[in-house]
Amino acid sequence: MAGYALGSTFASERTVPAAVGSKTQKMKLYLSDRINVDHQTYDSGECRRAVEVDCVTLDDHLSEVAAVGLMKIDIQGYDYEAIRGSRQLLGRSPHVGILG
């Protein structure tokens with residue numbers, strides 16, 4: 001069974017250059033100059049450079065996937081928005097484990 005990830009380096013997974021949220025839309029991503037894993041979806045007042053990125057819901061992006069067994073989410077405080085955009089997928093996945 002092949003894996004699926006929006007940001008992974010494993011050979012069995014497919015990487016998609018997009019943010020994950022509660023709506024499929026364009027959004028601003030505020031970049032960290034210090035650490036490449038500390039980008040934010042909100043303006044924290046730190047004068048971060050912002051770029052526009054594609055944002056997808058997992059419901060939209062994985063609409064062809066019958067169910068998932070595990071979701072690992074670690075997206076700088078935006079986890080709740082990713083879950084909101086996964087309601088249909090989670091409804092099809094009664095035994096899913098979620099790690100945050």
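Let's start with a cysteine: Cys55 is buried, at a relative accessible area of 2%. This is a predicted model, and the tour below goes from its cysteines to its sheet, its cores and its charged pairs.

**The cysteines and two unusual backbone angles**

Cys47 is a contrast to Cys55: Cys47 counts as exposed, at 75% relative accessibility, while Cys55 is buried. How many disulfides does the structure hold? The count is zero.

Cys47 sits in the loop between strand 2 and strand 3. Its backbone is worth a look too, since Cys47 has a positive phi of about 60° although it is not a glycine. For background, most residues other than glycine have a negative phi. Gln76 is another such case, with a positive phi of about 50° although it is not a glycine either. You'll find Gln76 in the loop between strand 4 (70-72) and helix 2, and Gln76 is partly exposed, with 34% relative accessible area.

**The sheet**

Now for the strands. Three of them make an open sheet in the order 1-3-2, and the pairing is mixed. Which strands lie at the edges? They are strand 1 (19-20) and strand 2, each of which pairs on one side only.

Strand 1 and strand 3 run parallel and are joined by two bridges. If you'd like to spot the pairing by residue, look at Val20: its bridge partner in strand 3 is Val56. In general, strands of a sheet pair through backbone hydrogen bonds, either parallel or antiparallel.

**The nonpolar cores**

Val20 turns up again in the largest nonpolar core, which has nine residues. Its companions there are Leu58, Leu62, Val68, Met71, Ile73, Ala82, Leu89 and Leu90. Take Val68 as an example: leaving aside residues up to four places away in sequence, Val68 touches Leu89, Ser93 and Val96. Another core lies apart from the largest one; this other core has seven residues, among them Ala19, Met27, Leu29 and Leu31.

**The salt bridges**

Next come the charged side chains. Side chains of opposite charge can pair when their charged atoms come close. How many salt bridges does the structure hold? There are five, and three of them are set out here, including the N to O distance for each pair.

| Pair | N to O distance | Relative accessible area |
|---|---|---|
| Arg48 and Asp38 | 2.9 Å | Arg48 13%, Asp38 17% |
| Glu46 and Arg48 | 3.4 Å | Glu46 42%, Arg48 13% |
| Arg84 and Glu81 | 3.1 Å | Arg84 31%, Glu81 18% |

Arg48 appears with Asp38 and again with Glu46. In fact, Arg34, Asp38, Glu46 and Arg48 are linked in a network of salt bridges.

Let's look at Arg48 and Asp38, whose side chains meet in a salt bridge. The pair links distant parts of the chain, with the two residues ten apart, and both are in the loop between strand 2 (25-30) and strand 3 (50-56). Are Arg48 and Asp38 buried or exposed? Arg48 is buried because its relative accessible area is 13%, and Asp38 is buried too because its value is 17%; the cut-off for buried is under 20%. Glu46, which also bridges to Arg48, is partly exposed at 42%.

**Helix 2**

Where do Arg84 and Glu81 lie? Both are in helix 2 (residues 79-84), three residues apart, which is about one turn of the helix. The partners are not equally covered: Arg84 is partly exposed, at 31% relative accessible area, whereas Glu81 counts as buried, at 18%.

Tyr80 is in helix 2 as well. Tyr80 is exposed, with a relative accessible area of 57%. Try finding Ser22 from there: Tyr80 and Ser22 are 58 residues apart along the chain, and their C-alpha atoms are separated by 8.3 Å.

Technical notes: Residues numbered from 1 in each chain as written. Predicted model: local features only at pLDDT ≥ 70, side-chain atom pairs only at ≥ 80, totals over all residues. Heavy atoms only, no water. Salt bridge = Lys/Arg side-chain N within 4 Å of Asp/Glu carboxyl O. Helix = DSSP H or I, 4+ residues; strand = E, 2+ residues; numbered from the N terminus. Buried < 20%, exposed > 50% of the residue type's maximum accessible area, 1.4 Å probe, protein only. Pairing = 2+ DSSP bridges. Core = buried A, V, L, I, M, F, W, Y, C linked by side-chain atoms within 4.5 Å. Contact = heavy atoms within 4.5 Å. Disulfide = S-S within 2.5 Å.
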